[in-house]
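Student: Hi! I have a model open and would like to go through it with you. Could we start with one residue and work outwards?

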Amino acid sequence: MPRSRLIALVLVLSGLAVAAFAWHQRKLLQISAVVRAAVSPLPDLAMWPPEYAARVRGATAAANRIEQPLEALSELACLYHANALYREAQQAERGLHALEPKNAQWAYYLADTCQNLGDMEGTRTFLEETLRLAPHYPVTRLKLADLCLKQGLTDEAIHHYEWRLTLVPNDPYAQLGLARIAEQRGNRAEALRLFEIIVRTSPNFPSAHSMLAELYAQGGNEARAAEERRLGSAAGRFIEANDPFLYRLYAWNFDSYRLDAQGGSRLQVRQLEAALPFYEKAARLAPRDSLACDALGNVYLQLKRLDDARATLEAGLAVAPATPSQLPISNSCSARTSPEPECSGTS
Amino acid sequence: MAVVDLDGDGLPDVLVCDAQTNQLRWIRQYPRGVYPESTIGDVMAPGHVQAYDVYRHGRLDLLVASMGQIFPNNDRIGSVIIFENLGNGQFRRHVVGEHMARVADVRGADLLGNGVTQLVVGCFGYDQGETLWMENHGDWKFEPHVVNTQSGPIHTPVADFYGDGRLGFASLISQEWEEIHLFDNLGGGKFKDTIIWGSTNEDYGSSGLVEADINRDGRLDFVYTNGDAFDYARPGPRPWHGIQWIENLGSHRWAFHRVGDFPGAYGPSAADLNGDGFVDLLAVSTFNDWSNPKSVSMMAWINDGHEHFTPVPLASTPTHLLTTAVADMDGDGVPEIITGGFHAYPPYDRMSRVLLWKRK
């Protein structure tokens with residue numbers, strides 16, 4: 001190859017490399033600018049567990065550096081969202097949605113923050129965006145349906161509930177919505193039919209039992225009403241539909257109220273093993289919180305882990321000796337974990 | 001709690017549902033500025049009182065919602081009680097409904113347009129509950145008609161919301177529903193149930209609903225608080241707690257306006273608090289973070305006349321306030337605020353029962 005051509009080739013390649021580097025740097029700067037705008041000022045972290053405060057500070061600092069700002073902003077969004085700091089979460093999620101517009105998770109989280117801030121229009125906008133990005137994520141349809149129902153848009157609500165049923169056949173949440181609309185429209189027979197289907201296909205769904213009880217009572221069938229009331233109460237409290245996007249946030253949860261609530265909703269439906277990690281984390285984060293010890297000790301007790309229950313309840317008593325509820329339970333654990341006395345006589 | 005001139009002496013009195021003594025109490029103002037208190041009658045866990053002349057005999061009777069028990073319970077232990085006003089401070093007790101889901105509200109209204117008082121009742125219950133109206137068959141006999149089968153009704157304000165000359169009623173339904181329903185009066189005892197607003201946050205914590213014409217357009221709007229945390233393991237504030245104005249746009253249309261955040265918000269009232277002719281909003285907090293001495297327990301939102309509201313903290317102590325009323329108690333043309341406290345969980349260091357607040 002003639003020397004002149006070689007020089008030209010080297011120059012072209014060098015130019016391309018410089019251009020690529022410049023493009024990359026420019027892109028990084030653009031990303032960095034969006035990320036910086038998405039990072040809110042640090043909230044007051046004085047009342048939070050030290051581990052949480054450290055992670056928020058770390059993610060905030062990392063998001064303001066030029067390397068891997070997306071990862072840092074993502075961490076920050078999850079830390080805020082999972083712990084109900086919704087205004088800060090929303091700011092971060094808006095940035096993430098702008099940088100990753102095809103990622104349905106950010107649109108969905110934005111819908112959730114809007115919902116928790118009482119912004120129903122925003123909720124609807126971002127749920128529709130999620131639906132466009134991830135049309136088969138089933139809970140989006142349900143949330144849109146519920147939102148329409150609560151805004152009085154019953155025809156739209158029916159459309160979304162029916163879609164939800166194609167994605168999750170026999171889904172009690174969608175059937176509950178359709179039954180409520182039927183009842184609202186005065187179609188008592190249809191409502192009754194749908195509630196009866198729900199209690200047959202999803203016997204642990206409390207709301208359907210409760211509303212069916214009311215319909216039976218109105219129809220004068222007190223015996224069946226009483227039975228449905230009993231079944232409704234036995235089924236525990238209403239829990240929200242399965243939502244993997246939101247479940248991902250549990251790993252970032254440091255808020256004892258939310259840990260209690262998440263553990264509690266599983267306890268209500270007797271999912272003791274599933275409830276346990278929430279209570280364990282709450283007690284780990286707040287070892288001097290007698291309520292957290294009390295709650296965890298009670299879960300251990302129900303799981304028949306009596307040594308753990310006793311140790312946890314005694315730890316709670318050490319923090320707050322006057323707590324009345326722990327003492328008899330702790331004593332009962334002690335009694336039940338003591339060696340059985342040997343039998344010395346004969347029968 | 002309700003403010004009303006019960007004995008017709010020209011001085012407003014205060015009626016108090018006292019869930020600690022399980023009594024309906026009368027704080028009678030007589031003479032002006034003096035407030036002796038007496039018992040009207042026993043009511044298990046009274047939740048709401050309204051003064052209403054049921055049989056048009058010229059005296060205000062007292063309609064009382066009896067929950068049976070304030071804290072969560074699914075048993076049918078609620079009742080509707082009317083204290084018939086016999087005059088001279090004497091009352092006769094009539095239990096007009098019993099074995100009901102816990103009753104949180106009862107209002108009197110001529111729903112049929114025939115001059116006869118019917119009742120609107122919110123049965124909170126727990127797992128089960130309902131909203132119903134009770135048809136008056138005379139001689140203190142009432143027959144229930146259920147219009148909605150969702151548990152958790154808290155307040156059931158009655159008014160002619162659509163200006164058609166017929167009284168309808170609303171039901172603020174909490175529990176997992178978090179909805180405001182309006183029951184449009186179709187005549188002949190028929191009501192059309194419409195959801196005018198609802199939150200998809202099943203933990204929204206609906207806590208109070210009152211009707212008022214906020215923007216002076218001749219249509220009654222709603223002021224709505226959400227801040228309830230009664231059945232949480234850890235009662236306390238949540239970031240979505242606050243106050244909102246549900247605007248009546250006419251033609252059966254409503255618009256939701258978030259007015260402001262207020263952790264633990266309860267007991268909304270609407271009144272011109274600063275005398276500028278515009279309707280301001282007021283609420284108290286039952287579930288704020290009381291470990292922080294700066295947490296606000298009473299807040300006003302001052303209306304600039306264009307329904308832009310400026311929050312004004314009014315008090316941080318006492319804590320755990322549950323209910324409000326606004327009235328010109330001393331007749332000087334300046335409204336006073338009356339609050340009721342509910343101290344069901346700690347701390348127990350800044351407590352109150354019924355307070356009269358005068359403007360400085």
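Tutor: Happy to. Keep in mind that this is a predicted model. Let's begin with Glu143(B), which is partly exposed, at a relative accessible area of 34%.

Student: Okay, and where is Glu143(B) found?

Tutor: Glu143(B) belongs to strand E12 of chain B, which covers residues 141-148.

Student: Which residues does Glu143(B) touch, not counting those up to four places away in sequence?

Tutor: They are Trp133(B), Met134(B), Glu135(B) and His137(B). With His137(B) there is also a side-chain to side-chain polar contact of 2.7 Å.

Student: And how far apart are the C-alpha atoms of Glu143(B) and Gln29(B)?

Tutor: They are separated by 36 Å, with the two positions 114 residues apart along the chain.

Student: Let's switch to Asn185(B). Buried or exposed?

Tutor: Asn185(B) is buried: its relative accessible area is 3%, and the cut-off for buried is under 20%. The residue sits in strand E15 of chain B, residues 179-187.

Student: What does the side chain of Asn185(B) reach?

Tutor: It reaches the backbone oxygen of Leu167(B), at 2.9 Å. A polar atom of the Asn185(B) side chain also lies 2.8 Å from the backbone nitrogen of Gly187(B).

Student: Which residues is Asn185(B) in contact with, leaving aside neighbours within four places in sequence?

Tutor: Leu167(B) appears again, along with Leu111(B), Arg166(B), Gly168(B), Lys190(B) and Phe191(B).

Student: Now sheets. What is the strand order in the open sheet that includes E1 of chain B?

Tutor: The order is E1-E2-E3-E4, four strands with antiparallel pairing. Strand E1 (2-4) and strand E4 (37-42) are at the edges; each has a single partner strand, so one side of each has no neighbour in the sheet. On average, neighbouring strands here are turned by 25° against each other, direction ignored.

Student: How many bridges pair E3(B) with E4(B)?

Tutor: Five bridges, in the antiparallel sense, with E3 spanning residues 23-27 of chain B. For a residue-level example, Arg25(B) has Thr39(B) in E4(B) as its bridge partner.

Student: What about the sheet with E21 in chain B, which strands form it?

Tutor: E21-E22-E23-E24, in that order, make an open antiparallel sheet of four strands. Its edges are strand E21 (265-271) and strand E24 (309-315); each has a single partner strand, so one side of each is left without a neighbour in the sheet. The average turn between neighbouring strands of this sheet is 20°, direction ignored.

Student: And how many bridges join E22(B) to E23(B)?

Tutor: Four, between residues 280-285 and residues 298-303, running antiparallel. Within E23(B), Ala300(B) is the residue opposite Leu282(B).

Student: Last topic: how much area do chain A and chain B bury between them?

Tutor: About 3300 Å², with 46% of it on carbon and sulfur atoms. Lys150(A), Glu214(A) and Tyr257(A) supply 22% of the area that chain A buries against chain B, more than any other three residues. The contact takes 39 residues from chain A and 38 residues from chain B.

Student: How many salt bridges are there across the interface?

Tutor: Four. Asp261(B) forms a salt bridge with Arg87(A), and their closest N and O atoms are 2.7 Å apart. Several helices of chain A each supply at least two residues of the side that touches chain B, including helix H4 (86-99) and helix H11 (206-218). H11(A) gives the most to that side, with six residues.

Conventions: Residues numbered from 1 in each chain as written. Chains lettered and ligands numbered in written order. Predicted model: local features only at pLDDT ≥ 70, side-chain atom pairs only at ≥ 80, totals over all residues. Heavy atoms only, no water. Buried < 20%, exposed > 50% of the residue type's maximum accessible area, 1.4 Å probe, protein only. Polar contact = N/O pair within 3.5 Å; in protein donor to acceptor, adjacent residues only side chain to side chain. Contact = heavy atoms within 4.5 Å. Pairing = 2+ DSSP bridges. Axes fitted to C-alpha atoms, helices over the stretch in contact; angles between N-to-C directions. Buried area = accessible area lost by both parts, 1.4 Å probe. Salt bridge = Lys/Arg side-chain N within 4 Å of Asp/Glu carboxyl O.
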